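Here is a friendly walk through one structure, meant to be read with the viewer open beside the text. We will go from a loop to the helices and then on to the charged pairs.

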Amino acid sequence: MNQWIGNLNWYFYPEMIYHVPHERMVYPELGIPGNDHTVQRAMPKVVRALEVMEQELSDGRPFLVGDAVTMADYFLLPTLFGFALTPEGKQTMPTFPGVVAWDNRMDALPSVVRFNAKLPPRAPIPHAREWVKHHRPAA
């Protein structure tokens, strides 16, 4: 399980959160221009990660590690959610039907339904102004 979490953190999180959603949504919502170059540089890695996930799920298993939901699934869910909000996510995600089916299964879990019902509306993240200094990749 730790290997799954480590792989997800390494191969999905940086590009699918820091490099695409931050540049497309988080920073612009604060009046900070997004960096198109960062997004363009990230997208091949995003696509490759989704290709691997699609291949892993192609054996028919409902979740990342097998027949039962695990921490790996819960770990990846918000990453894909954030990416899917971006223009690149809206264009890319439908090309991976296995990933979309996994996402739909996850969204239907009672625990996820309850959690999503308690989420506040999306709003700008004021402390993200500091992220530009610490999380943004060098141009």
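## A loop and its neighbours

L85 sits in the loop between helix 5 and helix 6. Please keep in mind that this is a predicted model. With a relative accessible area of 29%, L85 is partly exposed. Leaving aside residues up to four places away in sequence, L85 touches M25, K90 and R122. Follow the chain back to P21 and you have gone 64 residues in sequence, yet the C-alpha atoms of L85 and P21 are 7.5 Å apart in space.

For a contrasting pair, take Q55, which is found in helix 4. Q55 and G34 are 21 residues apart in sequence, while their C-alpha atoms are 32 Å apart in space. Q55 is exposed, with a relative accessible area of 55%.

Helix 6 (residues 87-92) is the place of E88. Is E88 buried or exposed? Its relative accessibility is 14%, and because buried means under 20%, E88 counts as buried. Setting aside residues up to four places away in sequence, E88 touches V20, R24, V39, M43 and F83.

## Helix 3 and its cover

Helix 3 covers residues 21-29, and within it P21, H22, E23, M25, V26 and Y27 are buried. What covers these buried residues? The cover includes helix 2 (13-19), helix 4, helix 5 and helix 9 (128-134). After helix 3 comes G31, which has a positive phi near 80°.

## How the helices cross

Two packed helices are described by the angle between their axes and the distance between the axes. Helix 7 (residues 97-108) takes part in two such pairs here, one of them with helix 5 and another with helix 4.

The axes of helix 5 and helix 7 come within 11 Å and cross at roughly 110°. Helix 5 is therefore roughly perpendicular to helix 7. On the helix 5 side the contact is made by D73, Y74, L76, L77 and L80, and on the helix 7 side by V99, W102, D103, M106 and D107.

Helix 4 packs against helix 7 at an angle of about 75°, and their axes are 8 Å apart. This angle makes helix 4 roughly perpendicular to helix 7 as well. Here L50, M53, E54 and L57 of helix 4 meet P97, G98, V99 and W102 of helix 7. V99 and W102 thus appear in the contact with helix 5 and in the contact with helix 4.

## Charged pairs

Side chains of opposite charge can pair when their charged atoms come close. How many salt bridges does a search of the whole structure find? The search finds 9 salt bridges, and the table gives some of them.

| Salt bridge | N to O distance |
|---|---|
| R136 and E23 | 2.6 Å |
| R48 and E51 | 3.3 Å |
| K133 and E130 | 3.1 Å |

Take the bridge between R136 and E23. R136 lies in the segment after helix 9 and E23 in helix 3, so this pair ties together parts that are 113 residues apart in sequence. E23 counts as buried at 1% relative accessibility, whereas R136 is partly exposed at 24%.

The bridge between R48 and E51 lies within helix 4, where the two residues are 3 residues apart and separated by about one helical turn. E51 counts as partly exposed, with 36% relative accessibility.

Why can residues three or four places apart point the same way? An α-helix has 3.6 residues a turn, so residues with that spacing point the same way. K133 and E130 are likewise 3 residues apart, in helix 9, with about one helical turn between them. K133 counts as exposed at 59% relative accessibility, and E130 is partly exposed with a relative accessible area of 40%. Elsewhere, R24, D36 and E88 are joined into one network by salt bridges that share partners.

## A nonpolar patch

To finish, look at the surface: V69, M71 and Y74 form a nonpolar patch there, with about 260 Å² of accessible area together. V69 has its place in the loop between helix 4 (36-57) and helix 5 (71-84). V69 is partly exposed, with a relative accessible area of 31%. Y74 of this patch is also one of the helix 5 residues that make the contact with helix 7.

Key: Residues numbered from 1 in each chain as written. Predicted model: local features only at pLDDT ≥ 70, side-chain atom pairs only at ≥ 80, totals over all residues. Heavy atoms only, no water. Patch = residues over 30% accessible without salt bridge, like charges linked within 9 Å, V, L, I, M, F, W, Y side chains within 5 Å. Areas by Shrake-Rupley, 256 points an atom, 1.4 Å probe, with all protein chains shown as cover. Salt bridge = Lys/Arg side-chain N within 4 Å of Asp/Glu carboxyl O. Helix = DSSP H or I, 4+ residues; strand = E, 2+ residues; numbered from the N terminus. Buried < 20%, exposed > 50% of the residue type's maximum accessible area, 1.4 Å probe, protein only. Axes fitted to C-alpha atoms, helices over the stretch in contact; angles between N-to-C directions. Parallel < 35°, antiparallel > 145°, perpendicular 65-115°, else oblique. Contact = heavy atoms within 4.5 Å.
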